Structures are given as C-alpha cells and as structure tokens.
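Trainee: I should like to discuss the salt bridges and strand pairing of this model. May we take them one at a time?

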Amino acid sequence: MLSSTNVVDRSVLRRWLGRAGSNETERSLAHQSVLVGVVCLVVDAVSFLTRGPESGPWNPALLIAILLADAALVTSPRLSGWVAVGHVAVVSALAFVLPGRSASTAGQLVSAYRAGAWLRGWSAGAALAASCGGTLCSLLIAGLSDPASLLSLVAANALMPWLVGRYTTARKAHVDELRHRREAALRDAQAEVAAAVANERETIAVELHDVISHHVSAIGVHATAARLNLPAGLLTGDVTVHTSLTAVEESSQAAMVDLRRLLSLLHEGDASPEQPGLAMLSDLFDSVRSSGLQVTYVVYNTPLPLPRAIDSTLYRVAQEMMTNVLRHGDGNRARVELDYAGDRIGLSARNRIVPGVDPVGGGSSVAGFGIGLEGMRKRAERLGGSASFAVVGDGLFWESSVTIPLGGEA
C-alpha cells in the first residue's frame, strides 16, 4: 500500500515525465518538419533547373521564391494558411512567367496538407479556397480550358492534400479519445478496487475489535484477578505462580497495544501514526525478558532514519523472531543484532536449540513455526530484501536473518 507521500511524489513524477515526453514529441516534430522542408526545397529546385528554360530574367527571382516558400514549411503550424497562400502565389507566377510549367510543386502539395491538418474553422476553409483558387488560376494561365481536366487537377493538387491532412488529424483525435476513455476506465476500476479494499479492511478491523480484543482483554482480566487472589509465596517448581500470572497479564496488555496499532493500520493505512518501529525494540526485548529469556541486543554502525515501511517491517520481523525463540529455543539466551550496513540494513537473531527438537518445528509441540518463517520472508521480499534461516554453530544454534535494501520501500 502506498503512503500519501508516495502518491504525491509519483504523481509529480508522472507530470514531469509527461512534460518530458511532450518536449521530446515537439523536438521530433520540429526535426521532421525540417526534413520535409529540405526535401521539398531540393525536389523543387532540381525540377526548376532541369525543366525550365535555359535562361531568362525572371529565373533567379522565381528560384528564390520557390526556395523561400519551401523554407517556410519549417515555420510554426499556426502559419500554415499563410504558407499555403505563398505557395499558390509561386505556382501562379511560374505559370505566368514560364508557360508550360506544371500546375504544382512539391512544396505546394505539402502546404495544402499542412493547412488541412493544423488549421480549424474559417482559417482552414480560407486556406483551402486559396489553394484551390491559386491552382485553378495557374492552370488557366497555362492555357488549360477543359472543365474536367481543370476539376481533376485542382482536386489532385489542392483539395486531396487538404482532405488527407484533415483525415490524419481526425484519426489522431479519435485515437486520443479512445486512449482517454481507456485511461478513465482504468481509473474507475482502480477506484472501485480501492473502495472494495477499504471496505474489506474496515470489516476486518471490526471483526478484530469485536472478537480478538474481547478474548485478549478477558485473558488480562482473569490473569489479574488470579494474581490478586493468590496466597503469598505460592510456588510451582522454581517459578512463582504470581510471576507467571504477571507475565500473562503484561503479555495480554502488550497484545492489546499491538491490536490497537493493527486496527489503526486497517483504518488509516500507512498514514497511521501508531505503527511500531525499531525505536521500540528495547521495549519489546524488556517484555521478552520478563519471561526469563536473556536477550542481548547489539547495534552495529550509526543508526539511520528509515522509511516507515522498512522501520515497521523490521519491528514485526523482530517480534516474530522473539516468538520463535520463546516457542522453540531453550528459553535461556538469545542474541539480536541490527546492522546498518550502508545501503542496506540487516536484522538477525540467534538462540540455542533444544536438544532433540527440530528447529524448523517438526519436533515441536507448537505448530505454525514454518508459517512464521514464511511470513518473515514475505515481509522482506515485499521491500526488495531477503531472509535466511539455518542451523549454525555446529548444530547448536538456530539463526534467523533478514536483509532489506534501504531503497526497497514499495
């Protein structure tokens, strides 16, 4: 589950990536427009020099006009209408000064396409009218009078490029609309899933409060009552019943505290301020010591501020490690080490194995040890870390170890 801070950070990242993608697209379009302009310029220049008259006073001026009109194809799309007008003026001038020339140039075709693709409303219509009118004038100046030929050439050299531009833009708008609809559908689906998860968490929270908290509270109340009604000095073996009942009472109180934290997590998500962390490990070990287990806690290197997810996960892992030590160890001593190792943090616990008992739980009377190990492993892997469990020290000790990268918060 993402925290609100992560959501904000990632939304900012998405906006930044969107702007970066937009800038990249603009640069790509600019490069392509330059390429189109250069190709049109070369094609029209070669066509003019190879098909025109050998000499004439207007030749240099016409060539310069063609080159300037083709260079204008690189300008902003907002100027597409004026660029189209410039091209039809050049085509008309060619037909007037050089009879027998073609009724169009490569640049004129591209300018009509640009006008259809980029312009809207009256400006698009005006550009179309200018392109068709200029092409018609150049054909009439060139001496063409057949209506069918005039219509087909005007359509081919002005109307069709303009229509292709309109179609291209309309298709892009349609694709964009489909993409927006899909994104909206995904957002709606994600919102529905989030709402369903929130409702389920609320249901679990209510069940935990109504069922588990009742029984845990009852354990604490009965343990307190039994302790207060015991005769002084009553012993069972080497441990007083009074001490044992006190431990039960304190454990039930600690369980209620953890339950309240869990309920807060279910209600408020990762924004809950009551989640435990490594700063509370000393309290955890003090509680374990009340059962008679001697816990040695060692911290290596300088402690660093940790993301809440890693901090809370390591506390839960340590809690599970202590549970396993109490259930499956010899109950005498345990050593816990916390190592801030640069870009990662490691937590390990070691305890002596009870002779003749399988440390993985096969020879234990208490079931569920394997589930606890798998739970620690999944907690670590969820944050990009790993967990290991093994018999060490010539088979005399059991060691649980979890390592999480400090950049592994999910």
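Trainee: Is Glu374 buried, partly exposed or exposed in this predicted model?

Mentor: The relative accessibility of Glu374 is 36%. Buried requires under 20% and exposed over 50%. Because 36% falls in between, Glu374 counts as partly exposed.

Trainee: Which residue meets the side chain of Glu374 in a salt bridge?

Mentor: The partner lies with Glu374 in helix α10 (residues 369-382), three residues apart, about one turn of the helix. This partner is partly exposed, with a relative accessible area of 28%. The N to O distance of the salt bridge is 3.8 Å, and the partner is Arg377.

Trainee: Is Asp176, which forms a salt bridge with Arg179, buried or exposed?

Mentor: Asp176 and Arg179 both lie in helix α6 (residues 147-228), three residues apart, and their closest N and O atoms are 2.9 Å apart. Arg179 is partly exposed, at 39% relative accessible area. For Asp176 the value is 19%; since the cut-off is under 20%, Asp176 is buried.

Trainee: Which residues are linked with Asp176 and Arg179 in a network of salt bridges?

Mentor: The pair Asp176 and Arg179 is itself joined by a salt bridge. The network also includes Lys172 and Glu183.

Trainee: What is the handedness of the β-α-β crossover from β3 to β4?

Mentor: Strands β3 (residues 294-300) and β4 (residues 329-341) pair in the parallel sense over seven bridges. From β3 the chain passes through helix α9 (residues 308-328) to β4, and this crossover is left-handed.

Technical notes. Residues are numbered from 1 along each chain as its sequence is written. This is a predicted model: local features need pLDDT of at least 70, side-chain atom pairs count only at pLDDT 80 or more; totals for chains, interfaces and linings use all residues. Side-chain values use heavy atoms; hydrogens and water are left out. Two strands pair if DSSP finds at least two bridges between them. Helices (H or I, at least four residues) and strands (E, at least two) are DSSP runs, numbered from the N terminus. A crossover is right-handed if, with the strands pointing away from the viewer, the path from the first strand over the helix to the second runs clockwise. A salt bridge is a side-chain nitrogen of Lys or Arg within 4 Å of a carboxyl oxygen of Asp or Glu. Buried means under 20% relative accessible area, exposed over 50%, partly exposed in between (1.4 Å probe, protein chains only).
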